[in-house]
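Q: Please choose one part of this chain and take me through it closely. I would like to see how it is built and what surrounds it.

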Amino acid sequence: MMGLLDGALGQVAGSLLNGQGGAQGGDAAQAMLGGLLQQFGGGSGSSQGLLAAAMTLVQQQGGLEAIVQKLQSGGLGDVVQSWVGTGANAPVTGAQLQDALGGDVLQSVATQAGVSPEAAGTGLASVLPELVNQLTPGGSLPANSGDLLKSVMGMLNR
């Protein structure tokens with residue numbers, strides 16, 4: 001089942017990113033989504049739920065660019081820049097994410113993923129940096145990240 005899902009997600013991402021690098025763009029997209037699924041979607045249902053919840057959070061915050069800006073203005077500028085950049089991702093905690101995003105973000109993520117708020121904080125601190133990292137493979141924000149997120153979420157929710 002996961003192999004089938006990996007292939008389908010790779011095809012969707014390849015078609016969405018095709019204008020940004022031709023065949024290599026499709027290969028990069030398949031690698032990107034395969035990596036996310038391997039890390040967060042191939043385990044328990046809660047890890048796949050956290051991946052879907054993180055994608056929903058990005059959309060609810062206004063998309064990839066908006067959440068990056070919100071996190072930067074919330075005091076996580078250097079941390080978030082490491083996720084977007086091509087180097088290693090700097091760590092973040094659930095409490096830092098909650099402070100930067102405000103409101104009941106962790107409770108919302110927890111409800112969607114079917115986990116406790118503490119587990120949501122820990123999971124989001126693990127998933128969100130990698131999600132941002134994978135969606136910015138060249139070290140910059142892509143123009144079509146919203147389309148990619150919608151397509152991936154649709155396939156994860158099937």
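A: The answer starts with the whole chain, then closes in on one helix and its surroundings.

This is a predicted model, in which local features need pLDDT of at least 70 and side-chain atom pairs count only at pLDDT 80 or more, while totals for chains, interfaces and linings use all residues. Residues are numbered from 1 along each chain as its sequence is written, and side-chain values use heavy atoms, with hydrogens and water left out.

The chain has eight helices and zero strands. Helices (H or I, at least four residues) and strands (E, at least two) are DSSP runs, numbered from the N terminus. Of the 158 residues, 48% count as buried. Buried means under 20% relative accessible area, exposed over 50%, and partly exposed in between, with a 1.4 Å probe and protein chains only.

How far can we trust the picture? The predictor gives each residue a confidence from 0 to 100, called pLDDT. The chain averages 74, and 61% of the residues score at least 70. Residues 1-30 stay under 50. Helix α1 (residues 2-17) has the lowest confidence, with a mean of 42. Helix α4 (residues 64-84) has the highest, at 94. That is the helix to look at.

Start with the shape of α4. A straight helix of 21 residues would span 30 Å at 1.5 Å a residue, but α4 spans only 10 Å between its end C-alpha atoms. The expected span is 1.5 Å times one less than the number of residues. Look at leucine 76: α4 bends there by about 135 degrees. The bend at a residue is the angle between axes fitted to the seven residues ending there and the seven starting there.

Now compare α7 (residues 117-135). Its 19 residues reach 25 Å from first C-alpha to last, close to the 27 Å expected. α7 also bends, by about 30 degrees at leucine 124.

Next, which residues of α4 are buried? They are Leu64, Ile67, Val68, Leu71, Leu76, Val79, Val80, Ser82, Trp83 and Val84. In soluble globular proteins, nonpolar side chains tend to be buried together. Here the largest nonpolar core has 33 residues. A nonpolar core is a set of buried Ala, Val, Leu, Ile, Met, Phe, Trp, Tyr and Cys residues joined through side-chain atoms within 4.5 Å. Leu71, Leu76, Trp83, Leu97, Val109, Leu124 and Leu128 touch the most other members. At least two residues of this core come from each of α3 (45-60), α4, α5 (94-101), α6 (105-113) and α7. The largest share, nine residues, is from α4.

Take tryptophan 83 on its own. Contact means heavy atoms within 4.5 Å. Beyond its neighbours within four places in sequence, tryptophan 83 contacts Leu71, Asn89, Ala90, Val92, Leu97, Leu128, Pro129, Val132, Asn133 and Thr136.

One of those partners, proline 129, lies in helix α7. Proline 129 counts as buried because its relative accessible area is 6%. Apart from residues up to four places away in sequence, proline 129 touches Trp83, Asn89, Val92 and Leu124. Its C-alpha is 7.5 Å from that of valine 80, although the two are 49 residues apart along the chain. Helix α7 is mostly covered, with 14 of its 19 residues buried.

Leucine 101 gives another view of α4. Leucine 101 sits in helix α5. It counts as buried because its relative accessibility is 6%. Leaving out residues up to four places away, leucine 101 touches Leu57, Gln61, Ile67, Lys70 and Leu71. The C-alpha atoms of leucine 101 and isoleucine 67 are separated by 8.3 Å, with their positions 34 residues apart along the chain counted as the gap.

Finally, proline 137 is in the loop between α7 and α8 (145-156). Proline 137 counts as exposed because its relative accessible area is 61%. Its C-alpha is 7.1 Å from that of threonine 86, 51 residues away along the chain.

Step back once more. Of the contacts in the chain with a separation of 6 or more, 67% join residues 24 or more positions apart.
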